[in-house]
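Subject: A structure for you to explore

Hi there,

Here is the structure I promised to pass on to you. Have a look at it first, and then read on for what turned up in it.

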Amino acid sequence: MKIGLRCIACILNRGYLQIQESTDDKTLQFKTLSEVLSFLTEEFTPTANPAYLGTKRDRLIREITGNPDPYKQKKQLSNKKALEIVPLARSIISKETSPELRFRKACLSAIVGNIMEFDLPDNPFKFSDLERLIQQAEDDLAVDEISQIFDMAENAKSVLYLTDNAGEIALDTLLVQELKNLGAHVTVGVKAGPILNDATLEDAEIVGMDKVADRVMSTGSDSVGLFPEECSEEFLELYSSADLVVAKGMGHAETLTELELQVPHALLLRTKCSTVANHFGVGTGKNIAKLLH
């Protein structure tokens, strides 16, 4: 997926807000923003990838400000709020009697969890929205390939589940459990270090993912989305041998659509910006369940 003109507003807005979160030193704030602007002047081109630009921006900000995790407090709050909503999502899933309908409801809850992202101009997210959005998740589903994904999952012996955000990962536990109920061995991949508000091993443990999945591991990279060239050999072996990859969020959509995929990938996300929404031919604020072959 390539950038759109709208991306510059998001990249700069998130950078500006992240710099403010990272340091109170005004001189350092100006220096950091100047470096971000300088790299964007060179690399904001029509062929650029939004996840790559976001990754480089965040690494620059962390390097210059010395703050390793400016979203730490928001991630902690996200995990807390998400854990509070998990019982509602679990009750919606448990009311279904067939494996496919349970899987469908778990997918929808996991997709709604993807809304937990901050500083996006097109995503006016509030934690208080979660209950309503989970209950209306079916109505917001603009691309519905859950049945095809279920068929793949039902026949998969091994599934690799790529998480996106902190908080969201709590709702992911419900879908991971349904994948396990279908007989799959499920490995969950999280980021190797802080990047935006993405989930790390610490977040996985806080929400109990390590007790649900067969294995939780790092991808070996702290990138937005997935850049295989940055991942560990151990992760890449699992990635290439999985029968199905479930990938959460816009960053994975932005990067995986640039790759030649060797195994089926299920993209589960919320359209939180117009560039991603336009790629899928839908509006913003919509739920997407798309199978990539």
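Before we start, one term: a residue is called buried when its relative accessible area is under 20%, exposed when it is over 50%, and partly exposed in between. Please also keep in mind that this is a predicted model.

**Helix α3**

How many of the 16 residues of α3 are buried? Twelve of them are, so this helix is largely enclosed by the rest of the structure. Among the buried ones are P50, A51, L53, G54 and T55, as well as R57 and D58. Their neighbours are found in other helices: the buried residues of α3 pack against α1 (7–22), α2 (26–43) and α12 (250–256).

The helix covers residues 50–65, and at 1.5 Å a residue it should span 22 Å; its end C-alpha atoms are 22 Å apart, which agrees. Both ends are worth a look. At the N-terminal end, N49 acts as a cap, with a side-chain oxygen 2.9 Å from the backbone nitrogen of A51. Just after the helix, G66 has a positive phi of about 80 degrees.

Inside α3 you can also find a charged pair: the side chains of R57 and D58 form a salt bridge, with 2.8 Å from N to O. Both R57 and D58 are buried.

**More salt bridges**

In total, the structure holds 27 salt bridges. One of them joins the side chains of E178 and R102, at 2.7 Å from N to O. Because E178 sits in helix α8 and R102 in helix α5, this pair ties together parts that are 76 residues apart in sequence. E178 has a relative accessibility of 5%, so it counts as buried, whereas R102, at 23%, counts as partly exposed.

A similar question for you: is D129 buried or exposed? It is buried, with a relative accessible area of 12%. D129 forms a salt bridge with R132, and their closest N and O atoms are 3.5 Å apart. R132 counts as partly exposed, at 41% relative accessibility. There is also a network of salt bridges that links R59, R62, D222 and E230.

**Two helices that cross**

Two packed helices are described by the angle between their axes and the distance between the axes. Try this on α4 (residues 72–94) and α8 (residues 168–181): their axes come within 7 Å and cross at roughly 35 degrees. On the α4 side, the contact includes N79, A82 and L83, and on the α8 side it includes I169, A170 and E178. The residues of this contact divide into ten nonpolar, one polar and two charged.

**Unusual backbone angles**

Most residues other than glycine have a negative phi. Which way does phi go at D119? It is positive, about 70 degrees, although D119 is not a glycine. D119 lies in the loop between α5 (99–113) and α6 (130–135), and its relative accessibility of 17% means that it counts as buried. L196 is not a glycine either, and its phi is positive too, near 50 degrees. You will find L196 in the loop between β3 (185–190) and α9 (201–206); at 7% relative accessibility, it counts as buried.

**One last residue**

T275 lies in helix α13 (residues 274–280) and is buried, with a relative accessible area of 12%. Leaving out residues up to four places away in sequence, T275 touches M1, K2, I3, G4, R6 and C7.

Enjoy exploring!

Methods
Residues numbered from 1 in each chain as written. Heavy atoms only, no water. Helix = DSSP H or I, 4+ residues; strand = E, 2+ residues; numbered from the N terminus. Buried < 20%, exposed > 50% of the residue type's maximum accessible area, 1.4 Å probe, protein only. Expected span 1.5 Å × (residues − 1). Contact = heavy atoms within 4.5 Å. Polar contact = N/O pair within 3.5 Å; in protein donor to acceptor, adjacent residues only side chain to side chain. Axes fitted to C-alpha atoms, helices over the stretch in contact; angles between N-to-C directions. Nonpolar A, V, L, I, M, F, W, Y, C, P; charged D, E, K, R; others polar. Salt bridge = Lys/Arg side-chain N within 4 Å of Asp/Glu carboxyl O.
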